[in-house]
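Got the viewer open? Let's take a walk through this one, selecting one thing after another.

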Amino acid sequence: MKNDCLFCAIAAGEIPSSKVYEDEICFAFYDIAPQAPVHFLVIPKEHIGSVAEISGENSPVVAHIFEVIARVARELGLESYRVVSNIGEQAGQSVHHLHFHVLSGRDMTWPPG
Ligand code: 5GP
Ligand code: ZN
C-alpha cells in the first residue's frame, strides 16, 4: 500500500466506495463521477502506477482483473461495454494507481475524444 494513494486507500476500505466486487487480488467500485449509466473501476489491491508499470512480474494480476471484468459484466447483464485505461496526463489519467474503467449503457463514439 502506497502512502497518500487514493485508490490504495479505497482498496483497503479506508475510504468508502460503492463496491461492485472484491477478492484478494482486486477491487471494483462505482466511479464517483460516472461517464455512462454504468461506470465502475477495477483496480489491483497492489499498488501499480499505470499500464506503463505492467511487467512480467505483475502481469498475472492484470490477467486476473480482465477475468473479473468479464465475469462482473456478465453478472450485471452488460451486453456491450468499453474498457479504458488512461496513461499519463495527456491521456487523462488523474489517479496514479492502475485502474480499468468499465463503461456501459449508452452509445459510444469511436475514435474517443
Ligand atoms: P482517470 O482520470 O485517472 O482515468 O480516472 C480516475 C477516475 O477515478 C475518475 O473517473 C474519477 O471520477 C474517479 N474517482 C476519483 N476519485 C474518486 C473517489 O474518491 N471515489 C470514486 N468512487 N471514484 C473516484
Ligand atoms: Zn495505490
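Helices here are DSSP runs of H or I with at least four residues, strands are runs of E with at least two, and both are numbered from the N terminus. With that in hand, select Asp-4, in the segment before α1. Its phi is near 65 degrees, a positive value in a residue other than glycine.

A note on what you are viewing: this is a predicted model, where local features need pLDDT of at least 70, side-chain atom pairs count only at pLDDT 80 or more, and totals for chains, interfaces and linings use all residues. Residues are numbered from 1 along each chain as its sequence is written, chains are lettered from A and ligands numbered from 1 in the order in which they are written, and side-chain values use heavy atoms, with hydrogens and water left out.

Next, click on ligand 1 and show what surrounds it. You should get 16 residues, with Asp-31, Asn-86, Ser-94, His-99 and His-101 the closest; a residue is counted if one of its heavy atoms lies within 4 Å. By class, this shell has 9 nonpolar, 6 polar and 1 charged. (Ala, Val, Leu, Ile, Met, Phe, Trp, Tyr, Cys and Pro count as nonpolar, Asp, Glu, Lys and Arg as charged, and the others, Gly among them, as polar.)

Which residue has a polar side-chain atom 2.5 Å from an oxygen atom of ligand 1? Select Asp-31 and you've found it. Asn-86 also points a polar side-chain atom at a ligand oxygen, at 2.8 Å. Now try Tyr-30: here a polar backbone atom is 2.9 Å from a nitrogen atom of ligand 1.

Now colour by element. α1 (6-11) and β2 (26-30) each give two or more residues to the shell around ligand 1, and α1 has the largest share, with 3 residues.

Hide the ligand and look at the space it takes, which is the largest pocket. About 690 Å³ of space lies in this pocket. Its lining has 31 residues, and the closest to its centre are Asp-31, Gln-35, His-39, Leu-41 and His-101. The lining divides into 16 nonpolar, 12 polar and 3 charged residues. Among the elements that supply at least two of them are β3 (38-44), β4 (81-84) and β5 (100-104).

Last stop: Pro-111, in the segment after β5. The peptide bond that leads to Pro-111 from Trp-110 is cis, with omega near 5 degrees. Most peptide bonds are trans.

Methods
A polar contact is a pair of N or O atoms within 3.5 Å; within protein, one must be able to donate a hydrogen and the other to accept it, and residues adjacent in sequence count only if both atoms are side-chain atoms. On a 1 Å grid over the protein atoms alone, a cavity is a set of points where a 1.4 Å probe fits but cannot get out, and a pocket is an open set with protein on both sides within 12 Å along at least five of seven lines; lining residues have an atom within 4 Å of a point. A molecule sits in a cavity or pocket if more than half of its atoms lie within 2 Å of its grid points. Grid points are joined across faces, edges and corners, and a volume is the space filled by probe spheres set on the points.
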